[in-house]
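Here is a protein to look at, with its sequence and its structure side by side. The questions that follow ask how the words used for such a structure can be justified.

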Amino acid sequence: MGGMVAGATHSYLTATRPTPPNSTAPDTSPATPPSPPSASPPVARATNPAPPGLFAPPRGDLRLAVISDLNSQYGSTTYEAEVLRTVAYLPQWEPDLVLCSGDMVAGQFPSLTRAEIEAMWSAFDRTIAQAIRRAKLPYGFTIGNHDASGALGINGTELFAQERELAKAYWLSHADTGVNFVDKAGFPYFYTFAQKFARGSEEVFFLVWDASTSRIPPEQLTWAEQALASDRAQKAKLRIVTGHLPLYAVAVGREFLGEIVENGDRVRQMLEKYRVHTYISGHHHAYYPAHKGTLQLLHSGALGSGARPLLSSRLPVTKTLTIVDISLDKADTVYTTYNMTTQEVIDIKTLPRLIVGPNGYVLRRDVEESDLTPAEKSAEFSG
Ligand SMILES: [Fe+2]
């Protein structure tokens, strides 16, 4: 990765509210200015809701709050300060949907007993889910490896069958997550839902699959193709897919094939074929807003334990939450990502311009192929 941006200056925008008129917009590439006033009837919503003292981006026509990797150490029934702060703040961003890209509890540890696993889900419910339900925020999520790993043993049996069973039991007893389900037959492991924009009748179609391991089950990929090809999905303004593991590696210690979706390039091409706008993932514990081909890739940072450095950078680790504002007119997204330790907004320009992993590179979302320098074009994976 010589000649790249290792050693990039690290800086943050200062969190202020309200937005100064000439301030540099955080992480808004490709630039998507706020939508012009609409002729639709006004909706009684704040234009830039945010927790007091934090940067307050203009809200889109549909706002997601993306959280990820909430767990502490194995077996833990407590959550770190950044998780608790985020949960307390969530209603103040007034999101239309809270989307969690996995790892809500701290399993994937063979000696955990049934009682210990149940205690973790009770703690998740008490500490996180109840607050989200009380605020009447729809909650979409994908299962992570620490929730219910789908890892298989050599004889094809599930290594974490008890965790799978108990995660499913928890979610089936809390199945009304407030989202508008389209197909919930595979809930909580794979399902689809659709959320309407604040104005008009159009919607965003969401597909959740089980990428708790690098191998998404083939039958689930077939199901996903059929779901994405459906009229409902294709008529939606945008399609968003979420799974725990990303398609490409972005973090130190996660730059191995087992830590990303198998055949990531091929999976990306399938998503592109059905005009999926964004794939949202967790697991790498490092925020990186990327794109490749025509697919946006939102690598969510962790809020719980174990934040990781980005590959090809010397930046300090961060625990983040990303607000995604979706414009109905542009059918595009704007990210505002907060470092939930300092509560400052992360400036996309401080992040590496591209990251090269074992199955290829991804570009920062404001960087195009044509912007790459010769050194960047020849950058190779150094893992
Ligand atoms: Fe994970």
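Q: Which residue of β4 is the bridge partner of C100, and what makes β3 and β4 a pair of strands?
A: In this predicted model, the partner of C100 in β4 is F141. Two strands pair if there are at least two bridges between them, and three bridges join β3 to strand β4 (residues 139-141), the two running parallel, so β3 and β4 are called paired.

Q: Through which helix does the chain cross from β3 to β4, and what is the hand of this crossover?
A: The chain passes through α2 on its way from β3 to β4, and this β-α-β crossover is right-handed. The word is justified because, with the strands pointing away from the viewer, the path from the first strand over the helix to the second runs clockwise.

Q: How do you know that β3 also pairs with β2?
A: Strand β2 (residues 62-67) and β3 are joined in the parallel sense by four bridges, where at least two are needed. One of the pairs is V66 with its bridge partner L99 in β3. With helix α1 (residues 81-93) between them, β2 and β3 make a right-handed β-α-β unit.

Q: Which residues of β3 point one way and which the other, and are they buried or exposed?
A: From strand β3 (residues 97-100), L97 and L99 point one way while V98 and C100 point the other way, and all are buried. Such a pattern fits a general rule, because in a regular strand the side chains alternate between the two faces of the sheet.

Q: What makes β8 largely enclosed by the rest of the structure?
A: Five of the five residues of β8 are buried, so the strand is largely enclosed. Its two faces are both covered, since L238, I240 and T242 on one side are buried, as are R239 and V241 on the other. To be called buried, a residue needs 20 or more other C-beta atoms within 10 Å of its own.

Q: How do you know that β8 pairs with β7 and with β9?
A: Five bridges join strand β7 (residues 203-208) to β8 in the parallel sense, and three bridges join β8 to β9, again in the parallel sense; the requirement is at least two. In the pairing with β7, L207 has V241 as its bridge partner, and in the pairing with β9, I240 stands opposite T278. From β8 the chain crosses through α7 to β9, and this β-α-β crossover is right-handed.

Q: Why are the buried residues of α7 said to be on the same side?
A: In helix α7 (residues 264-273), the buried residues are G264, V267, R268 and L271. They cover an arc of only 100 degrees around the axis, and therefore lie on the same side of α7. These buried residues pack against β8 (238-242), β9 (278-281), β10 (288-292) and β11 (295-299), whereas R266 and K273, on the other side, are exposed.

Q: What makes A65 a contact of L90 and W93?
A: Two residues are in contact if their C-beta atoms lie within 7 Å. Leaving aside neighbours within four places in sequence, A65 has contacts with L90, W93, P95, V98, L321 and I323. A65 is also among the residues with the most contacts inside the largest nonpolar core, which has 106 residues, and helix α2 (residues 114-134) gives the most to this core, with seven residues.

Q: How confident is the prediction?
A: The mean pLDDT is 90, and 88% of the residues reach 70 or more. Over residues 1-42, however, the pLDDT is below 50. Where pLDDT is low, the predicted coordinates should not be read in detail.

Key
Residues numbered from 1 in each chain as written. Predicted model: local features only at pLDDT ≥ 70, side-chain atom pairs only at ≥ 80, totals over all residues. pLDDT = per-residue confidence, 0-100. Buried ≥ 20, exposed ≤ 12 C-beta atoms within 10 Å, placed from the backbone. Arc of directions from axis to C-beta. Core = buried A, V, L, I, M, F, W, Y, C linked by C-beta atoms within 7 Å.
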